[in-house]
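Here is a quick tour of one protein model, from the burial of single residues up to the overall form. Keep the structure open while you read.

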Amino acid sequence: MAKRHAENISIGDALKEFIGANRLDKGLDKVNAKEAWDAVMGTAISKYTTDIKLDRETLYVQLSSSVLREELSYGKEKIIKLLNEELGKELIKKLVLR
């Protein structure tokens with residue numbers, strides 16, 4: 001059962017507490033990683049993205065274009081840095097393009 005607070009708290013704080021208490025962080029990180037990919041890479045690359053999966057600290061990205069996959073492989077470190085900045089934390093350590 002959730003504990004009650006005597007003082008008023010913001011909805012954001014209440015949601016953070018609920019997420020932490022129910023261990024929903026990993027599931028939300030997966031959703032946020034997909035949204036960050038679309039935001040950072042833009043619509044042109046998102047069109048060629050067929051699947052995105054976050055497993056531990058590795059982001060697996062399935063691309064339908066081998067040419068695009070080869071081009072993106074040259075800038076993996078920069079992509080990881082941009083994604084982590086978008087997420088606001090060091091969530092992704094490795095990027096695998098398939």
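## A cut-off to start with

Before anything else, a word on burial: a residue is called exposed when its relative accessible area is over 50%, and buried when that area is under 20%. Keep in mind that what you're looking at is a predicted model.

Now try it on Arg 56, which sits in the loop between S1 and S2. Its relative accessibility is 75%, so Arg 56 counts as exposed. Its backbone deserves a look too: Arg 56 isn't a glycine, yet it has a positive phi of about 55 degrees. The setting for that is the hairpin of S1 and S2, with two residues between the strands.

## The overall picture

What is the order of helices and strands along the sequence? The pattern reads α-α-β-β-α-α-β, which gives the protein four helices and three strands. The radius of gyration is 17 Å, while the globule rule gives 13 Å for 98 residues; the value is well over the rule, so the protein is more spread out than a compact globule. The span of the C-alpha trace along its principal axes fits into that account, at about 60 × 20 × 20 Å.

As for burial across the protein, 27% of the 98 residues count as buried. The accessible surface comes to about 7,400 Å², and carbon and sulfur atoms own 51% of that. Take the contacts between residues at least 6 apart in sequence: 53% of them join residues at least 24 apart.

## The sheet

The three strands make an open sheet in the order S1-S2-S3, with mixed pairing. S1 (49-55) and S3 are the edge strands, each pairing on one side only. On average, neighbouring strands here are turned by 15 degrees against each other, if you ignore direction. Helix H2 (residues 25-46) packs on this sheet and touches S1, S2 and S3, its direction making about 150 degrees with that of S1.

Where does the mixed pairing come from? As a reminder, strands of a sheet pair through backbone hydrogen bonds, either parallel or antiparallel. S1 and S2 (residues 58-63) run antiparallel and are joined by six bridges, whereas S2 and S3 pair in the parallel sense over four bridges. You can pick out individual partners on the S1 side: Lys 53 has Tyr 60 as its bridge partner in S2, and Ile 52 stands opposite Val 61.

## Thr 58, between two strands

Thr 58 belongs to strand S2 and stands opposite Lys 94 in S3. Is Thr 58 buried or exposed? With a relative accessible area of 13%, Thr 58 is buried, because the cut-off for that label is under 20%. Not counting residues up to four places away in sequence, Thr 58 touches Lys 53, Lys 94 and Val 96.

## S3 and the surroundings of Leu 97

Follow S3 and you'll see its side chains alternate: Leu 95 and Leu 97 point to one face and are buried, while Lys 94 and Val 96 point to the other and are not. Leu 97 is a good one to zoom in on. This residue lies in strand S3 (residues 94-97) and has a relative accessible area of 13%, which makes it buried.

Which residues is Leu 97 in contact with, leaving aside its neighbours within four places in sequence? The list runs Trp 37, Val 61, Leu 63, Arg 69, Leu 72, Ser 73 and Lys 76. Ser 73 is a nice example of a partner from elsewhere in the chain: Leu 97 and Ser 73 are 24 residues apart in sequence, but their C-alpha atoms are 7.2 Å apart in space.

## Ser 65, leading into H3

Last stop: Ser 65, in the loop between S2 and helix H3 (66-73). Loop or not, Ser 65 is buried, at a relative accessible area of 16%. Compare Arg 56, the loop residue from the start, which counts as exposed at 75%.

What does the side chain of Ser 65 reach? The side chain reaches the backbone nitrogen of Leu 68, at 3.2 Å.

Key: Residues numbered from 1 in each chain as written. Predicted model: local features only at pLDDT ≥ 70, side-chain atom pairs only at ≥ 80, totals over all residues. Heavy atoms only, no water. Buried < 20%, exposed > 50% of the residue type's maximum accessible area, 1.4 Å probe, protein only. Contact = heavy atoms within 4.5 Å. Pairing = 2+ DSSP bridges. Axes fitted to C-alpha atoms, helices over the stretch in contact; angles between N-to-C directions. Polar contact = N/O pair within 3.5 Å; in protein donor to acceptor, adjacent residues only side chain to side chain. Rg over C-alpha atoms; globule rule 2.2 N^0.38 Å. Areas by Shrake-Rupley, 256 points an atom, 1.4 Å probe, with all protein chains shown as cover.
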